[in-house]
Amino acid sequence: MTTRRQFIEKASLSTMAVTLPFASTFSSSVRKQEDKVLRVAIMGLGSYGTRVAEAMKDCKRAKLVGVISGTPSKIEAWKEKYGIPAKNCYNYENYHQIKDNPDIDAVYVITPNSLHKPHSIGVARAGKHVICEKPMALNAEEGREMIQACQEAGVHLLVGYRMHFETKTLEVIRRQRAGEFGKTLFFQGLSGFMIGDPKQWRLNRALAGGGAMMDIGIYSINGARYMLGEEPIWVTAQEVKTDPVKFKQGVDETITFQMGFPSGAVASCLSTYSMNNLDKFFLNGTKGFAEMQPSTGYGPIQARTNQGPIEAEHITHQTTQMDEMAAIILDGKSPVVPVDGEEGLRDLVIVDAIYEAVRTGARISLI
Ligand code: NAD
């Protein structure tokens, strides 16, 4: 049986022959420290923060050692549940003092979208590596500020793109790069769900930075790029709104968008907060195809190609992600698909262009 680590290493090797447009800037020649563990504090103890904490129980290279929260009762509960010492607990007013704490290496920012920039910059200035949830920021300008702050502080900036480490996703990417589908000229990405409570931060423009596109549509943007293995050169987009009360000005409900790529490939995608059963990628080539449904949910991911189903054991995505991110930070490992700030920024540039295309009706050039 191939272990997860062996599979990922195999996938890395088989893609090394092709020059990926998004190769990591970190050298893989950095000294291996495989005995070292990345000690992580989670900032934002909400629903996804809890999911990450649970998944980290099974990590081999990453360990939850600290928390940053504005809710004292949550801190107490997490101390108890995860064995976190009081000296590693902070709130949003005093977390900058983390710079004096040698027992924390990295902070995972899992707060609402508009807080990603200030929180990530605060963490970087405290000298800790930053792992930030998607979307990395509200727009490309904010993303660039974050990259610069992390560079100035000499810390890593990684984005929580858990699919970049998912086994079946990596196998489809390997086959695409190996030419097994022939020339891939079409990608379809369908990303959406029916959102509930109208009062939640995801429907508040100030905190979310937009609507479905920031939250779920970004999976189709990112997926088109890693499935096709190239960067788009133009976008077009159209918005539909059926409920302007729930989805206020600046909060997108449904957007269809298209992207064109240098090879001539096109992507056709849907981002929505108003329909369920939308978690599907389809990649079509001259010699074959890959279909993934579900494609980006918490799994198990289902994938099949013209050759038949792709079988692989389901491993909790966030467990793999945190172990692999530890290897990136501690060993200088280069992932098959990057998860650094530049990768996050590429998606934000496209999000900006999609919103501009919706506003203007124009085809927006990305070059
Ligand atoms: P959530 O509402 O469940 O949790 C957000 C946390 O941030 C809460 O604990 C809240 O108390 C805290 N917070 C701090 N300051 C706040 C403020 N001013 N206003 C509101 N809340 C504040 O949300 P979530 O679902 O955990 O999402 C958090 C982030 O994680 C988002 O950026 C989201 O896109 C991302 N996320 C990623 C995935 C993934 O699969 N990668 C999945 C879900 C969420």
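This is a guided tour of a predicted model, moving from its annotated domains to its ligand and then to some unusual backbone geometry.

**The N-terminal annotation**

Begin by selecting residues 38-161, the range to which UniProt, in an unreviewed entry, assigns the feature "domain: Gfo/Idh/MocA-like oxidoreductase N-terminal". Colouring this selection by secondary structure should show a chain that is 36% helix and 21% strand, and a distance drawn between the C-alpha atoms at the two ends of the range comes to 18 Å.

**The ligand and its shell**

Next, select the ligand together with the 21 residues around it, of which Ser47, Tyr48, Asn113, Arg162 and Trp201 come nearest. If this shell is coloured by residue class, it divides into 9 nonpolar, 6 polar and 6 charged residues.

Individual polar contacts can then be picked out one at a time. At Tyr48, show the backbone, where an N or O atom lies 2.8 Å from an oxygen atom of the ligand. At Lys134 the backbone is again the part to display, with one of its polar atoms 2.8 Å from a ligand oxygen. At Lys74, by contrast, turn on the side chain, which places a polar atom 3.0 Å from an oxygen atom of the ligand. With a surface added, one can appreciate that the protein covers 78% of the 830 Å² of accessible area that the ligand has on its own.

The space that the ligand takes up is the largest pocket of the model. To see which elements contribute two or more residues to the shell around the ligand, highlight helix 2 (47-56) and helix 8 (212-228).

**The second annotated range**

Now select residues 175-290, which UniProt lists, also in an unreviewed entry, as "domain: GFO/IDH/MocA-like oxidoreductase". Over this range the chain is 21% helix and 34% strand, and the C-alpha atoms at its ends are 9 Å apart.

Within these residues, centre the view on the loop between strand 10 (266-272) and strand 11 (278-285), where Asn277 is found. Asn277 has a positive phi of about 60 degrees, although it is not a glycine.

**Two cis peptide bonds**

Finally, move along the chain to the loop between strand 12 (289-292) and strand 13 (303-305), which holds Pro294. The peptide bond joining Gln293 and Pro294 is cis, with an omega of about -5 degrees. Pro300 is also found in the loop between strand 12 and strand 13, and the bond leading from Gly299 to Pro300 is likewise cis, its omega being near 5 degrees.

Technical notes. Residues are numbered from 1 along each chain as its sequence is written. This is a predicted model: local features need pLDDT of at least 70, side-chain atom pairs count only at pLDDT 80 or more; totals for chains, interfaces and linings use all residues. Side-chain values use heavy atoms; hydrogens and water are left out. UniProt positions are given in the numbering used here, feature names are shortened, and annotations may be inferred rather than shown by experiment. Helices (H or I, at least four residues) and strands (E, at least two) are DSSP runs, numbered from the N terminus. A residue is near a molecule or strand if one of its heavy atoms lies within 4 Å of it. A polar contact is a pair of N or O atoms within 3.5 Å; within protein, one must be able to donate a hydrogen and the other to accept it, and residues adjacent in sequence count only if both atoms are side-chain atoms. Accessible areas come from the Shrake-Rupley method with a 1.4 Å probe; for residues, only the protein chains shown count as cover. On a 1 Å grid over the protein atoms alone, a cavity is a set of points where a 1.4 Å probe fits but cannot get out, and a pocket is an open set with protein on both sides within 12 Å along at least five of seven lines; lining residues have an atom within 4 Å of a point. A molecule sits in a cavity or pocket if more than half of its atoms lie within 2 Å of its grid points. Ala, Val, Leu, Ile, Met, Phe, Trp, Tyr, Cys and Pro count as nonpolar, Asp, Glu, Lys and Arg as charged, and the others, Gly among them, as polar.
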